[in-house]
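Please open the structure in your viewer and keep the selection tool at hand. The tour below moves from the whole chain to single residues, and each stop says what to select.

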Amino acid sequence: MQEETVQPQQKSLEELLSEAQAKMEEQREAMLRAVADADNARKRAQTEAAAGQKYAIERFAESLLPVMDSLQAALQSKDVSGVELTLRQLQSALEKASIREIDPKPGERFDPHRHQAMAAVEAPPGETREPNTVVEVMQKGYLLHDRVLRPALVTVAKTASDPISDKDLD
């Protein structure tokens, strides 16, 4: 009788082992599928990101094509009004791309984050200028949203030199 009780227990242990091994194999295969799916999703995301970077400027470039056409037509016809129209088209294209001018006015405070000082000048005798203010804009700058693409090139006012200190330097 003991043998009969031992054999059913052995069968059930073998069956349990076999079932556990089958479950383990299923879970292993499910894990491998999940890893493969994750890898495929990562590769797909990388491909989409690369394409997004490559073609991010597409809308802006499309808005510049009519400007190019107008410039070429204006050069062929030598018509000044065509150049003015082209400038308006270009300004419109830049505006649509969120590109704005940095065009400081004379007397405006010098901002080193948006302006680049090309020269510093003293005020002529009899005229007073605040130091560190814009005197003249040599070239406009541009912003893309809030990022400076190119700073405005400006001449900045400086304080008048003390003649005594100038002589002391010689």
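Helices (H or I, at least four residues) and strands (E, at least two) are DSSP runs, numbered from the N terminus. This is a predicted model, in which local features need pLDDT of at least 70 and side-chain atom pairs count only at pLDDT 80 or more, whereas totals for chains, interfaces and linings use all residues. Residues are numbered from 1 along each chain as its sequence is written, and side-chain values use heavy atoms, with hydrogens and water left out.

**The whole chain**

Begin by selecting the protein chain, which has 4 helices and 6 strands, arranged along the sequence in the pattern α-α-α-β-β-β-β-β-β-α. Buried residues, meaning those under 20% relative accessible area (exposed is over 50%, partly exposed in between, with a 1.4 Å probe and protein chains only), make up 12% of the 170 residues.

Now colour the chain by pLDDT, the predictor's confidence in each residue, from 0 to 100. The mean for the protein chain is 83, and 87% of its residues reach 70 or more. Over residues 164-170, however, the pLDDT is below 50, and beyond near neighbours in sequence this stretch has 1 contact in the model, where contact means heavy atoms within 4.5 Å.

**Helix α1**

Select residues 2-54, which form helix α1, and look for Leu32 within this helix. Because its relative accessibility is 42%, Leu32 counts as partly exposed.

Stay in helix α1 and show the side chains of Asp39 and Arg42, which form a salt bridge with the closest N and O atoms 2.5 Å apart; the term means a side-chain nitrogen of Lys or Arg within 4 Å of a carboxyl oxygen of Asp or Glu. How far apart are Asp39 and Arg42 in helix α1? They are separated by about one helical turn, because they lie 3 residues apart in this helix. Asp39 is partly exposed at a relative accessible area of 27%, and Arg42 is likewise partly exposed, at 41%. Add Lys43 to the selection, since Asp39, Arg42 and Lys43 are linked in a network of salt bridges.

**Strand β4 and its partners**

Next select strand β4, residues 141-144, where Gly141 and Leu143 lie on a covered face while Tyr142 and Leu144 lie on an uncovered one. In a regular strand the side chains alternate between the two faces of the sheet.

Two strands pair if DSSP finds at least two bridges between them. Add strand β1 (residues 99-102), which pairs with β4 in the antiparallel sense over 4 bridges, and notice that Ile102 stands opposite Gly141 in β4. Then add strand β5 (residues 147-150), which runs antiparallel to β4 and is joined to β4 by 3 bridges; here the bridge partner of Leu143 is Val148 in β5. β4 and β5 form a hairpin with 2 residues between them, and His145 in the turn has a positive phi of about 55 degrees.

**Two more salt bridges**

Finish with Arg100 and Asp146, which form a salt bridge with the closest N and O atoms 3.8 Å apart. This pair links distant parts of the chain, as Arg100 lies in strand β1 and Asp146 in the loop between β4 and β5, 46 residues apart. Arg100 is partly exposed, with a relative accessible area of 44%, whereas Asp146 counts as exposed at 68% relative accessibility. Finally, select Lys105 and Asp103, which form a salt bridge with the closest N and O atoms 3.3 Å apart.
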